[in-house]
Amino acid sequence: MRIDKYLKVSRIIKRRTLAQEACNSERVFVNGKVAKPSTEVKVGDVIEVRFGDKIFKCRVTSVDEKVQKNVASNMYEIIE
């Protein structure tokens, strides 16, 4: 699954356009490398998103196309 879609489906970022903008601004990293919006994400990858001076770091635990809002946080586990 593309990183921009994953960020939206898992509700780390609310809208896909915002996720694409974050990737284009080099604020999203997958396994330590800058991620473009089309970067593929798979189970076990580590995602790092920079929101201003805060850093959100998580490990992908599942990749699902559609998820209900109350179980979206099960798609990742927070590292930091």
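In the predicted model, strand 1 (residues 28–30) and strand 3 (residues 46–51) run antiparallel and are joined by 3 bridges. Within this pair, Val 30 of strand 1 faces Ile 47, its opposite number in strand 3. The pairing continues from strand 3 to strand 4 (residues 54–60), again antiparallel, with 6 bridges. Arg 50 stands opposite Ile 55 of strand 4, and Val 46 has Arg 59 of strand 4 as its bridge partner. The connection between these two strands is a hairpin with 2 residues between them, and Gly 52 in that turn has a positive phi of about 65°. Strand 4 then pairs with strand 5 in the antiparallel sense over 3 bridges.

Taken as a whole, these strands belong to an open sheet of 5 strands in the order 2-1-3-4-5, with antiparallel pairing. The edges are occupied by strand 2 (33–34) and strand 5 (76–78); each has a single partner strand, so one side of each is left without a neighbour in the sheet.

Arg 59 offers a convenient place to look at the sheet in detail. This residue is found in strand 4. Its bridge partner in strand 5 is Glu 77, and it also serves as the bridge partner of Val 46. Is Arg 59 buried, exposed or partly exposed? With a relative accessibility of 33%, Arg 59 counts as partly exposed, because the partly exposed class lies between under 20% for buried and over 50% for exposed. Leaving aside residues up to four places away in sequence, Arg 59 touches Gly 44, Asp 45, Val 46, Met 75, Tyr 76, Glu 77 and Ile 79. One of these, Asp 45, is 14 residues from Arg 59 in sequence, while the two C-alpha atoms are 5.7 Å apart in space.

Turning to the overall fold, the protein contains 2 helices and 5 strands, and these follow one another along the sequence in the pattern α-α-β-β-β-β-β. The radius of gyration is 11 Å, close to the 12 Å given by the globule rule for 80 residues, so the protein is as compact as a globular protein of that length. Its C-alpha trace spans about 30 × 25 × 20 Å along the principal axes. Of the contacts with a separation of 6 or more, 35% are between residues 24 or more positions apart. Buried residues account for 39% of the 80 residues. The exposed surface of the protein comes to about 5,100 Å², of which carbon and sulfur atoms supply 47%.

What lies inside can be described through the largest nonpolar core, which has 23 residues. Those with the most contacts inside this core are Ile 3, Tyr 6, Leu 7, Ile 12, Val 28 and Ile 47. At least two core residues are supplied by each of helix 1 (3–9), helix 2 (16–24), strand 1, strand 3 and strand 4. Which element gives the largest share of this core? That share, 4 residues, comes from helix 1. Tyr 6 illustrates how far along the sequence such contacts can reach: apart from residues up to four places away, it touches Met 1, Ile 12, Val 41, Ile 47, Val 60, Ser 62, Met 75 and Tyr 76. Ile 47, one of these partners of Tyr 6, is also the residue that Val 30 stands opposite in strand 3.

Two loop residues deserve a closer look for their backbone geometry. Arg 11, placed in the loop between helix 1 and helix 2, has a phi near 65°, a positive value in a residue other than glycine. Its relative accessibility of 39% makes Arg 11 partly exposed. Asn 31, which lies in the loop between strand 1 and strand 2, likewise has a positive phi, about 55°, although it is not a glycine. With a relative accessible area of 44%, Asn 31 is partly exposed.

Finally, the model can be set beside the database annotation. UniProt, in an unreviewed entry, lists residues 1–56 for "domain: RNA-binding S4". Over residues 1–56 the chain is 29% helix and 25% strand, and the C-alpha atoms at the two ends are 20 Å apart.

Definitions and conventions: Residues are numbered from 1 along each chain as its sequence is written. This is a predicted model: local features need pLDDT of at least 70, side-chain atom pairs count only at pLDDT 80 or more; totals for chains, interfaces and linings use all residues. Side-chain values use heavy atoms; hydrogens and water are left out. UniProt positions are given in the numbering used here, feature names are shortened, and annotations may be inferred rather than shown by experiment. Two strands pair if DSSP finds at least two bridges between them. Buried means under 20% relative accessible area, exposed over 50%, partly exposed in between (1.4 Å probe, protein chains only). Contact means heavy atoms within 4.5 Å. The radius of gyration is taken over C-alpha atoms; the globule rule is 2.2 Å times the number of residues to the power 0.38. Accessible areas come from the Shrake-Rupley method with a 1.4 Å probe; for residues, only the protein chains shown count as cover. A nonpolar core is a set of buried Ala, Val, Leu, Ile, Met, Phe, Trp, Tyr and Cys residues joined through side-chain atoms within 4.5 Å.
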